[in-house]
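Dear colleague,

Please find below the structure that I am handing over to you, together with its sequence. My findings follow directly after it.

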Amino acid sequence: MSNPELAAWLASPQGSYVLDWEVAQIDEAVSDIFGFNALQIGLPQCDLLRANRMALRHRIGAGNPVAVRCSPAALPIANQSIDLVVLPHILEFAADPHEILREVERILIPEGQLIVTGFNPLSLWGVKRRLRHQCGFPWDGNYLSPIRLKDWLKLLGFDVDRGSYGCYAPPCEQQKWLQRWRFAELAGRRWWKYSGAVYMLRAVKRVHGMRLITPNWRKKSLRSKALRPIAQKESHGD
């Protein structure tokens, strides 16, 4: 996905429609995540970490403007050094999305959090992509269903703790038609929740380490109480 192509789409009515929903969702999701280091990988034209209060917040990726220019599949970041990673529409346009997720898992600290946005193949937008075989962003991506993405994250040790769907209007190209379909937002959230054009997932990296085994004082206490009547009976017999 070239940078000019992405910039042109973001300036279109379709791009603004999707971006407005995603920015609102990500703002809410990152506002209560604390730590020291946060990364946004991709979509450098938009500051998706603006609502977060970590001291160090950087945008990295293959395009500009970024703090570090690199491939999302080979991050020049130390192991277990990042508290939060935001992946906006990276996986469905990558040659190897599995490798990107493995890299994210590597750099996240235990209990670090990942936020992913993607296009939903089970939506009107997904249907348009399959039927018309259009070229150009966003139709040239390999859309990942939320269920499939959850399976991938689970295999890497992530727990998905939040998910949301949005943008229920058809993929109209003109602003006036998108406005006329605004009524579909409320109806979609109520009646066909999982068919939104885009989704956001928030996942937590779980690390199952050693568990400290402490003495079971409760059992010892119960044992001493159980022996007490016997001692009393023996003393009474004497």
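Trp181 sits in the loop that links α6 (175–180) and α7 (183–191). In this predicted model, its relative accessibility is 33%, and because burial requires a value under 20% and exposure one over 50%, Trp181 is classed as partly exposed. Together with Trp177 and Phe183, Trp181 makes up a nonpolar patch on the surface, and the three residues have a combined accessible area of about 340 Å².

As for the chain overall, the protein comprises 8 helices and 7 strands. It has 238 residues, of which 45% are buried. The accessible surface amounts to about 13,600 Å², and carbon and sulfur atoms account for 56% of that area. Among contacts with a separation of 6 or more, 71% are between residues 24 or more positions apart.

Turning to the interior, nonpolar side chains tend to be buried together in soluble globular proteins. The largest nonpolar core here contains 34 residues, and the members that touch the most others are Leu84, Val86, Ile115, Phe119 and Trp125. Two or more residues each are supplied to this core by α1 (3–10), α2 (13–30), β4 (82–88), β5 (108–119) and β7 (198–205). The greatest contribution is that of α2, at 8 residues.

Trp125 deserves a separate word. When neighbours within four places in sequence are set aside, its contacts include the aromatic residues Trp9, Tyr17, Phe119, Trp139 and Tyr143. Gln14, Val18, Cys167, Ala169, Pro170, Pro171 and Ala197 are also in contact with Trp125. Apart from this core there is another, made up of 29 residues, including Leu75, Ile107, Tyr165 and Tyr199.

Finally, I would draw your attention to strand β1, which spans residues 37–41 and is mostly covered, with 4 of its 5 residues buried. β1 pairs in the parallel sense with β2 (residues 56–61) through 5 bridges; within that pairing, Gln40 has Arg59 of β2 as its bridge partner. β1 also runs parallel to β4, to which 3 bridges join it, and Ala38 lies opposite Leu84 of β4. Leu84 is thus a point where two parts of this account meet: it faces Ala38 across the strands, and it is listed among the residues of the largest nonpolar core that touch the most other members.

With kind regards

Terms used
Residues numbered from 1 in each chain as written. Predicted model: local features only at pLDDT ≥ 70, side-chain atom pairs only at ≥ 80, totals over all residues. Heavy atoms only, no water. Buried < 20%, exposed > 50% of the residue type's maximum accessible area, 1.4 Å probe, protein only. Contact = heavy atoms within 4.5 Å. Areas by Shrake-Rupley, 256 points an atom, 1.4 Å probe, with all protein chains shown as cover. Core = buried A, V, L, I, M, F, W, Y, C linked by side-chain atoms within 4.5 Å. Pairing = 2+ DSSP bridges. Patch = residues over 30% accessible without salt bridge, like charges linked within 9 Å, V, L, I, M, F, W, Y side chains within 5 Å. Salt bridge = Lys/Arg side-chain N within 4 Å of Asp/Glu carboxyl O.
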